Amino acid sequence: MTNNIRALRFSRGEMTQAELADRLGITRQTVIAIEQGKYSPSLEVAFQIARVFRASLNEVFEYPEEES
């Protein structure tokens with residue numbers, strides 16, 4: 001799964017990772033791991049991230065389609 005969190009942070013007023021973490025109630029390290037694709041957030045956190053950016057889940061996260 002890939003995400004656009006870093007781009008959204010900068011396009012929405014240059015929000016820092018720490019500010020996003022505070023708004024979500026998670027650690028900055030967790031935000032870093034999610035941004036880098038090393039950790040997939042829970043569904044609840046994914047929705048919270050989308051809500052912070054006033055975006056849809058599809059705007060924040062992308063899940064590649066399987067090739068047959």
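## Exercises on a predicted model

R54 has a relative accessibility of 77%, so R54 counts as exposed. Keep that residue in mind, since the first exercise starts there. Please remember throughout that the model is predicted.

**Exercise 1. Is R54 buried or exposed, and what is the reason? Then look at its phi angle.**

Step 1. Exposed means over 50% relative accessible area. R54 reaches 77%, so it belongs in the exposed class.

Step 2. Next, find its place: R54 sits in the loop between α4 and α5, where α5 covers residues 57-60.

Step 3. Now the backbone. R54 is not a glycine, yet its phi is positive, about 50°. Most residues other than glycine have a negative phi.

**Exercise 2. Where is E14 placed, and what is its phi?**

Step 1. E14 belongs to the loop between α1 and α2.

Step 2. Its phi is near 55°, which is positive in a residue other than glycine.

Step 3. With a relative accessible area of 56%, E14 is exposed, because the cut-off for that class is over 50%.

Step 4. For a glycine with a positive phi, go to G37, which follows α3 and has a phi near 75°.

**Exercise 3. Describe the chain as a whole, beginning with how many helices and strands it has.**

Step 1. Counting gives 5 helices and 2 strands. Read from the N terminus, their order is β-α-α-α-α-α-β.

Step 2. Is that chain compact for its length? What does its radius of gyration tell you? The value is 12 Å, close to the 11 Å that the globule rule gives for 68 residues, so the chain is as compact as a globular protein of that length.

Step 3. Along the principal axes, the C-alpha atoms fill a box of roughly 40 × 20 × 20 Å.

Step 4. Look at the contacts with a separation of 6 or more: 58% of them join residues 24 or more positions apart.

Step 5. Finish with burial and surface. Of the 68 residues, 34% are buried. The accessible surface comes to about 4,900 Å², and carbon and sulfur atoms account for 46% of that area.

Step 6. For the charges, compare the mean position of the 8 positive ones with that of the 10 negative ones: these two points are 9 Å apart.

**Exercise 4. Which residues of helix α3 are buried, and what covers them?**

Step 1. Helix α3 runs over residues 28-35, and its buried residues are V31, A33, I34 and E35.

Step 2. Their cover includes the strands β1 and β2 (61-62), together with the helices α1 (5-11), α2 (17-24) and α4 (43-52).

Step 3. Take E35 as a close-up, since it is found in α3. Its relative accessible area is 17%, and buried means under 20%, so E35 is buried.

Step 4. Setting aside residues up to four places away in sequence, E35 touches N3, I5, R6, R9 and Q17.

Step 5. One distance to check in the model: E35 and A7 are 28 residues apart along the chain, and their C-alpha atoms are separated by 9.8 Å.

**Exercise 5. Follow the polar contacts of R9, starting from its link to E35.**

Step 1. R9 lies in helix α1. Its relative accessible area is 4%, which is why R9 is classed as buried.

Step 2. The side chains of R9 and E35 are joined by a polar contact of 2.5 Å.

Step 3. The side chain of R9 also has a polar atom 2.7 Å from the backbone oxygen of M15.

Step 4. Beyond its neighbours within four places in sequence, R9 is in contact with E14, M15, T16, Q17, L20, E35 and F53. You have met E14 already, in the loop between α1 and α2.

**Exercise 6. Which backbone atoms does the side chain of N3 reach?**

Step 1. N3 is part of strand β1, residues 2-3. It counts as buried because its relative accessibility is 18%.

Step 2. Its side chain reaches the backbone nitrogen of I5 at 3.1 Å.

Step 3. That side chain also reaches the backbone oxygen of I34, at 2.6 Å. I34 is one of the buried residues of α3.

Step 4. Without residues up to four places away in sequence, N3 touches I34, E35, G37, V60 and F61.

Methods
Residues are numbered from 1 along each chain as its sequence is written. This is a predicted model: local features need pLDDT of at least 70, side-chain atom pairs count only at pLDDT 80 or more; totals for chains, interfaces and linings use all residues. Side-chain values use heavy atoms; hydrogens and water are left out. Helices (H or I, at least four residues) and strands (E, at least two) are DSSP runs, numbered from the N terminus. Buried means under 20% relative accessible area, exposed over 50%, partly exposed in between (1.4 Å probe, protein chains only). A polar contact is a pair of N or O atoms within 3.5 Å; within protein, one must be able to donate a hydrogen and the other to accept it, and residues adjacent in sequence count only if both atoms are side-chain atoms. Contact means heavy atoms within 4.5 Å. The radius of gyration is taken over C-alpha atoms; the globule rule is 2.2 Å times the number of residues to the power 0.38. Accessible areas come from the Shrake-Rupley method with a 1.4 Å probe; for residues, only the protein chains shown count as cover. Lys and Arg count as positive and Asp and Glu as negative; His and the chain ends are not counted. The place of a charge is taken as NZ of Lys, CZ of Arg, CG of Asp or CD of Glu.
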